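Me: I would like to go through this model step by step, beginning with a single residue and moving outward to the whole chain. Please reason briefly each time and finish on the value or name I ask for.

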Amino acid sequence: MQIIQEHFGKGHAKEGIYLSNMGDVFRKQKQFEKAYLLQKHALGILQAVYGQRHPEGADVLFALGKTRADSGKYGAAQKLFRKALVCLCDVIDTKKMIIG
């Protein structure tokens, strides 16, 4: 992380993306609390850079949901998945989508 911060600056979107990826590694290792903390920090960075409703933030919200679901916290996971969906629906034109 130090290299990322030195190269891009602290709080850069790249830092948020790398933190989220590191969180996913911890999730896969079943270290759910470490994963959650990294992903939560990543979300804060990305929302500070892009705003509350952006696809990058939606990706991290979805990752947070997976972490919560994998740790058995299904209610919390569902809320995070819904927030991610709201972010994505805000940026895509669902009227032009063809489903089926």
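**Contacts, helices and a pocket**

Me: Leaving out residues up to four places away in sequence, which residues does Val-49 touch?

Reply: This is a predicted model, and the answer should be read with that in mind. Val-49 lies in helix H3. With neighbours up to four places away in sequence not counted, the residues that Val-49 touches are Gly-11, His-12 and Ala-13.

Me: What separation do the C-alpha atoms of Val-49 and Ala-13 have?

Reply: Ala-13 is among the residues that Val-49 touches, and Ala-13 is also listed with the buried residues of H2. The two residues stand 36 residues apart along the chain, and the separation of their C-alpha atoms is 6.4 Å.

Me: Into which class of exposure does Val-49 fall?

Reply: The relative accessible area of Val-49 is 39%. Buried requires a value under 20% and exposed a value over 50%. Because 39% belongs to neither of those classes, Val-49 counts as partly exposed.

Me: Against which helices do the buried residues of H3 pack?

Reply: H3 has 19 residues and reaches 26 Å from its first C-alpha to its last, which is close to the 27 Å expected at 1.5 Å a residue. Its buried residues include Phe-32, Tyr-36, Leu-38, Ile-45 and Leu-46. The helices against which the buried residues of H3 pack are H2 and H4.

Me: What span does helix H2 reach from its first C-alpha to its last?

Reply: Helix H2 covers residues 13–28 and has 16 residues, for which 22 Å would be expected at 1.5 Å a residue. Among its buried residues are Glu-15, Asp-24 and Arg-27, together with Gly-16 and Leu-19. The span that H2 reaches is close to the expected one, at 23 Å.

Me: Which residue that follows H2 has a positive phi?

Reply: The residue in question lies in the loop between H2 and H3, and its phi is about 65° although it is not a glycine. At 63% relative accessibility it counts as exposed, because the class begins over 50%. The residue is Lys-30.

Me: What phi does Gly-51 take just after H3?

Reply: H3 runs over residues 32–50, and Gly-51 comes just after it. The phi of Gly-51 is positive, at about 100°.

Me: Which helix gives the most to the lining of the largest pocket?

Reply: The largest pocket holds about 210 Å³ of space and is lined by 14 residues, with Leu-43, Gln-47, Leu-61, Leu-80 and Lys-83 nearest its centre. Helices H3 (32–50), H4 (55–70) and H5 (74–91) each supply at least two residues of the lining. The helix that gives the most, with six residues, is H5.

Me: How many charged residues are in the lining of the largest pocket?

Reply: The lining divides by class into eight nonpolar and two polar residues, together with a charged group. The number of charged residues is four.

Me: What share of the residues of the chain count as buried?

Reply: The chain has five helices and zero strands, and it exposes about 6,600 Å², of which carbon and sulfur atoms supply 57%. Among contacts between residues at least 6 apart in sequence, 49% join residues at least 24 apart. Of the 100 residues of the chain, the share that count as buried is 33%.

Notes: Residues are numbered from 1 along each chain as its sequence is written. This is a predicted model: local features need pLDDT of at least 70, side-chain atom pairs count only at pLDDT 80 or more; totals for chains, interfaces and linings use all residues. Side-chain values use heavy atoms; hydrogens and water are left out. On a 1 Å grid over the protein atoms alone, a cavity is a set of points where a 1.4 Å probe fits but cannot get out, and a pocket is an open set with protein on both sides within 12 Å along at least five of seven lines; lining residues have an atom within 4 Å of a point. Grid points are joined across faces, edges and corners, and a volume is the space filled by probe spheres set on the points. Helices (H or I, at least four residues) and strands (E, at least two) are DSSP runs, numbered from the N terminus. Ala, Val, Leu, Ile, Met, Phe, Trp, Tyr, Cys and Pro count as nonpolar, Asp, Glu, Lys and Arg as charged, and the others, Gly among them, as polar. The expected span of a helix is 1.5 Å times one less than its number of residues. Buried means under 20% relative accessible area, exposed over 50%, partly exposed in between (1.4 Å probe, protein chains only). Contact means heavy atoms within 4.5 Å. Accessible areas come from the Shrake-Rupley method with a 1.4 Å probe; for residues, only the protein chains shown count as cover.
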